[in-house]
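Q: I'm new to this structure and would like a close look at one part of it. Could you pick a salt bridge, tell me how its partners sit, and then show me what else helps to put it in context?

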Amino acid sequence: MHITIPGRGKFDLHHLVLDVNGTVAIGGRLIGGLPRRLQALREAGLEIHWITADTRGRQSALDDEMGWPAERITAAEPGDEPAQKAAFVRKLGAGHVVAIGNGANDVAMLREAALGIALLGDEGLAVEALLAADLVVPGIHAALDLLEDPSRLIATLRR
């Protein structure tokens, strides 16, 4: 996905990194319609990754439903999750990543990515994530709408 945003530059996005809980799943259940929409983005050339600490213990079932495994993180000590998420984005090449999340543990990932999208979903939005993001949307489907039609990103982010 190649996007030129006036006043911000050129974006060559190859990876979409999604937080799981609160972003693509609510209460340990996938938000309806996501597997189909994410598969369409994959077919359009965007590599999809999802990352989780498996807070609800249901990630294996979610992996089966989505059709590919999530990147699992484990906190060696409290507060380590944000650093692991940011390191994952860097490993992919942060300049080619769009990241979507809603939690305080997503802040470093949102900042590290070329484009960070925070969403205000049913589980809320941490103020820190709001401040770290390039833009905020009302839910995951709205975020995916922007990726399916990048001209909408340009309209919002141009300077």
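A: Let's start with Lys85, which is buried, with a relative accessible area of just 1%. Please keep in mind that this is a predicted model, so every value here is computed from it. Lys85 forms a salt bridge with Asp106, and their closest N and O atoms are 2.5 Å apart. This pair links distant parts of the chain: Lys85 belongs to helix α3 (residues 81–92), while Asp106 sits in the loop between β8 (97–101) and α4 (107–112), 21 residues away. Is Asp106 buried or exposed? Asp106 counts as buried because its relative accessibility is 0%, and the cut-off for buried is under 20% relative accessible area. Lys85 falls under that cut-off as well, at 1%. The pair also belongs to something wider, since Asp19, Lys85 and Asp106 are linked in a network of salt bridges.

For context, the structure holds eight salt bridges. One of them also involves helix α3: Glu112 pairs with Arg90, with the closest N and O atoms 3.2 Å apart. Glu112 is in helix α4 and Arg90 in helix α3, so this salt bridge ties together parts that lie 22 residues apart in sequence. How exposed are these two partners? Glu112 is partly exposed, at 29% relative accessibility, and Arg90 is partly exposed too, with a relative accessible area of 44%. Set beside them, Lys85 is buried and so is Asp106.

Another salt bridge joins Glu123 to Arg56, where the closest N and O atoms are 3.8 Å apart. Here the link runs between distant parts of the chain, from Glu123 in the loop between β9 and α5 to Arg56 in the loop between β6 and α2 (59–66), with 67 residues separating the two. Glu123 counts as partly exposed, at 38% relative accessibility. Arg56 likewise counts as partly exposed, at 47%.

Now let's move to strand β6 (residues 47–52), where His49 is found. His49 is buried, with a relative accessible area of 11%. Its side chain makes a polar contact of 2.9 Å with the side chain of His15. Beyond its neighbours within four places in sequence, His49 is in contact with His15, Leu16, Val17, Leu18, Phe88 and Leu92.

Thr52 lies in strand β6 as well, and it counts as buried at 3% relative accessibility. Which residue 32 places away along the chain has its C-alpha atom 5.7 Å from that of Thr52? That residue is Val20. Val20 is also among the contacts of Thr52 beyond four places in sequence, alongside Asn21, Gln59, Ala70, Glu71, Arg72 and Ile73. In addition, the side chain of Thr52 reaches the backbone nitrogen of Asp54 at 2.8 Å.

Next come the nonpolar residues. In soluble globular proteins, nonpolar side chains tend to be buried together. The largest nonpolar core in this model has 34 residues, and those with the most contacts inside it are Leu16, Leu18, Leu38, Trp50, Ile100, Ile140 and Leu147. Helix α6 (residues 140–148) gives the most to this core, with five residues. Apart from this core lies another, of 18 residues, including Ala94, Val97, Met109 and Ala133. Going back to Ile140, its contacts beyond four places in sequence are Leu18, Thr23, Val24, Ile31, Leu34, Ile100 and Leu119. Leu18 is a contact of His49 too.

Some nonpolar residues are at the surface instead. Leu120, Val127, Leu130, Leu131 and Val136 form a nonpolar patch there, with about 470 Å² of accessible area together. The largest share, three residues, comes from helix α5 (residues 127–132). Leu120 is in the loop between β9 (115–119) and α5, and it counts as partly exposed at 48% relative accessibility.

To finish, look at helix α7 (residues 151–157), which holds Thr156. The side chain of Thr156 reaches the backbone oxygen of Arg152 at 3.2 Å. The C-alpha atoms of Thr156 and Asp134 are 9.8 Å apart, with their places 22 residues apart along the chain.

Technical notes. Residues are numbered from 1 along each chain as its sequence is written. This is a predicted model: local features need pLDDT of at least 70, side-chain atom pairs count only at pLDDT 80 or more; totals for chains, interfaces and linings use all residues. Side-chain values use heavy atoms; hydrogens and water are left out. Patches are made of residues with over 30% relative accessible area and no salt bridge: like charges are joined within 9 Å, nonpolar side chains (Val, Leu, Ile, Met, Phe, Trp, Tyr) within 5 Å. Accessible areas come from the Shrake-Rupley method with a 1.4 Å probe; for residues, only the protein chains shown count as cover. A salt bridge is a side-chain nitrogen of Lys or Arg within 4 Å of a carboxyl oxygen of Asp or Glu. Helices (H or I, at least four residues) and strands (E, at least two) are DSSP runs, numbered from the N terminus. Buried means under 20% relative accessible area, exposed over 50%, partly exposed in between (1.4 Å probe, protein chains only). A polar contact is a pair of N or O atoms within 3.5 Å; within protein, one must be able to donate a hydrogen and the other to accept it, and residues adjacent in sequence count only if both atoms are side-chain atoms. Contact means heavy atoms within 4.5 Å. A nonpolar core is a set of buried Ala, Val, Leu, Ile, Met, Phe, Trp, Tyr and Cys residues joined through side-chain atoms within 4.5 Å.
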